[in-house]
Amino acid sequence: MRDIVEVFGVIVIGYFAALNLIYIGFTALAWRSITRYLHSLEYAAIDEALASPLTPPISILLPGYNEEAGIVQSVNALLQLRYPEFEVIVINDGSKDSTMQQLQDAFDLVEAPRALRGTVQHAPIRGTYRAARHHELLVVDKENGGKADALNAGVDAARYPYVCAVDADAIIEPEALLRVAKPLLDDPDLVIATGGIVRIANGCTVEDGRVTEVRLPSSRLATLQVVEYFRAFLVGRVGWSQLHALLIISGAFGLFRRSTVEAVGGWDHTTVGEDMELVVRMHRYMRENGKPYRVQFVPDPVCWTEAPETLKVLSRQRRRWQRGLFETLWRHKRMTLNPKYGALGMLAMPYFIVFELLGPPLALIGYLVLPISWAIGLLSWPFVLAFFVFAVMLGQLLSISALALEEFSFRRHPRGREILRMSVYAAVENLGYRQLTDLWRGLAFWDLLRGKKSWGDMQRRGFQTAPTDQLSKSN
């Protein structure tokens with residue numbers, strides 16, 4: 001029995017050592033990449049990009065289902081983005097509430113047929129409408145088919161060569177579209193998709209669809225997610241982007257070449273991880289057809305979103321993410337360890353299988369078995385010490401490093417008290433919260449065995465807003 005426990009201990013310690021050593025490498029890549037990015041901003045000509053006829057026009061896709069509470073504010077915020085030429089396409093996905101009526105009242109919609117190309121499949125469209133005072137706004141009213149289906153309808157109606165998918169409850173900063181499009185301006189022949197960072201808006205003040213004051217959430221659970229997102233985006237996605245193996249662009253804010261999206265058939269409505277699955281399918285299509293390309297993460301364009309503040313809702317979110325990860329990796333399993341797909345097949349796919357899909361259950365069992373085995377005399381203290389160093393202390397160091405990278409580069413939280421609070425949370429994140437998320441991700445396998453397909457009810461509390469007049473009524 002002792003030998004079995006020791007072998008298991010070596011496997012668990014090796015898992016944590018490999019995972020955190022990989023993240024140490026990603027952290028080094030992120031520091032170098034973001035430092036260069038910040039230096040390039042000194043020479044970035046935002047005003048020139050705004051005036052340049054070479055800046056490509058973009059169709060912004062805003063799918064919504066039962067979004068009556070905030071749909072008008074979301075649309076107003078998008079209409080105020082700084083970009084030379086764009087259109088906002090709101091796709092009402094068969095809402096059962098007053099979403100369409102809210103849009104009608106706010107923007108004086110009039111029926112205006114839009115020719116569809118029919119390049120991607122989606123549920124039937126009931127009508128298309130133009131805003132009387134905002135000619136760049138199009139509303140597509142369709143039968144319910146889910147978020148992916150709604151995005152496909154938006155692609156079908158889009159006029160411009162690039163489409164930007166935005167969540168209905170997301171807040172996009174005014175210059176974010178320009179910044180996320182910068183790789184397209186630098187290398188339009190290669191870049192097929194880009195994405196920006198997602199930040200937690202809980203606790204922030206929102207006015208007229210903009211974050212006017214950045215504050216940490218009062219919720220401890222939401223604050224833990226603030227720190228978690230720093231490591232996931234500023235370290236993880238920057239690192240994979242540098243290796244040309246970025247598997248995911250956030251569904252809350254992603255920019256895609258429309259022709260490539262159409263070529264691969266659009267978003268897949270049969271998976272709950274449609275954002276990741278689309279990006280992997282685009283990688284696969286480009287590789288199999290021998291076309292040079294790049295998928296790039298940009299660390300500066302900010303999309304603000306609301307994080308769950310209850311364990312119940314957060315559990316549903318993480319279990320859904322894990323199911324989406326499994327579905328994507330299973331559908332594209334032939335890419336794994338296949339040199340035909342470059343770093344994506346040889347590095348990214350194996351990493352996500354070992355560390356993101358199978359790792360959480362292994363880690364959770366290790367957290368339970370190793371301390372108990374030591375307590376009953378089946379493991380010596382060097383085993384437990386090595387486990388604590390690699391599983392906890394090194395993880396804490398990486399979380400604090402990600403926070404330091406955020407403060408060095410963008411410093412969205414300038415208050416010293418909030419920085420101190422985030423530092424404490426970065427230290428304790430690995431003592432309870434990480435294990436809880438591992439548990440939820442492990443439970444996702446039970447969901448898969450049961451054949452669960454639904455997203456689950458993701459209740460939101462809404463942002464702290466300051467009273468303002470609606471843009472739509474002020475013109």
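## Helix α15 and its bend

The expected span of a helix is 1.5 Å times one less than its number of residues. Helix α15, in this predicted model, covers residues 416-449. Its 34 residues should therefore span 50 Å, and the distance of 47 Å between its end C-alpha atoms agrees with that.

If you follow the axis of α15, look out for Glu-429, where the helix bends by about 65°. Just after α15 comes Gly-451, with a positive phi of about 75°.

## The overall picture

Let's step back to the whole chain. The protein has 16 helices and 13 strands. How does the radius of gyration of the protein compare with that of a compact globule of 475 residues? Such a globule would have a radius of gyration near 23 Å, and the protein has 23 Å, so the two agree. Along the principal axes, the C-alpha atoms fill a box of roughly 75 × 50 × 45 Å.

Burial and contacts add to this picture. Of the 475 residues, 57% count as buried. Among contacts with a separation of 6 or more, 81% are between residues 24 or more positions apart.

## Regions from the UniProt record

The unreviewed UniProt entry places the feature "transmembrane region" at residues 12-31, 341-369 and 381-405. In the model, residues 12-31 are 100% helix and 0% strand, with end C-alpha atoms 29 Å apart. Residues 381-405 are also 100% helix and 0% strand, and there the end C-alpha atoms lie 34 Å apart.

The same kind of record, again an unreviewed entry, lists residues 59-194 for "domain: Glycosyltransferase 2-like". That span is 29% helix and 30% strand, and its end C-alpha atoms lie 14 Å apart.

## Asn-92 in strand β2

Asn-92 belongs to strand β2, which runs over residues 86-93. Is Asn-92 buried or exposed? Its relative accessibility is 3%, and since buried means under 20%, Asn-92 counts as buried.

Its surroundings are worth displaying. The side chain of Asn-92 makes a polar contact with the side chain of Ser-95, at 2.5 Å. Leaving aside neighbours within four places in sequence, Asn-92 is in contact with Gly-64, Thr-99, Met-100, Arg-126, Val-140, Asp-141 and Lys-142.

## Ile-353 in helix α12

Ile-353 is found in helix α12, residues 342-357. With 23% relative accessibility, Ile-353 counts as partly exposed, because the buried class means under 20%.

Not counting residues up to four places away in sequence, Ile-353 touches Leu-329, Thr-336 and Leu-358. Leu-325 makes a useful pair to look at too: Ile-353 and Leu-325 are 28 residues apart in sequence and 8.9 Å apart in space, C-alpha to C-alpha.

## Two loop residues with positive phi

Most residues other than glycine have a negative phi. Which residue in the loop between α8 (220-242) and β11 (253-257) is worth a look here? That residue is His-244, which has a positive phi of about 60° although it is not a glycine.

Arg-411 is another residue with a positive phi, about 45°, although it is not a glycine. Arg-411 sits in the loop between α14 (381-409) and α15, which brings us back to the helix at the start of this report. At 46% relative accessibility, Arg-411 counts as partly exposed.

Conventions. Residues numbered from 1 in each chain as written. Predicted model: local features only at pLDDT ≥ 70, side-chain atom pairs only at ≥ 80, totals over all residues. Heavy atoms only, no water. UniProt positions renumbered as here; feature names shortened; annotations may be inferred. Helix = DSSP H or I, 4+ residues; strand = E, 2+ residues; numbered from the N terminus. Buried < 20%, exposed > 50% of the residue type's maximum accessible area, 1.4 Å probe, protein only. Polar contact = N/O pair within 3.5 Å; in protein donor to acceptor, adjacent residues only side chain to side chain. Contact = heavy atoms within 4.5 Å. Bend = angle between axes of the 7 residues up to and from the residue. Rg over C-alpha atoms; globule rule 2.2 N^0.38 Å.
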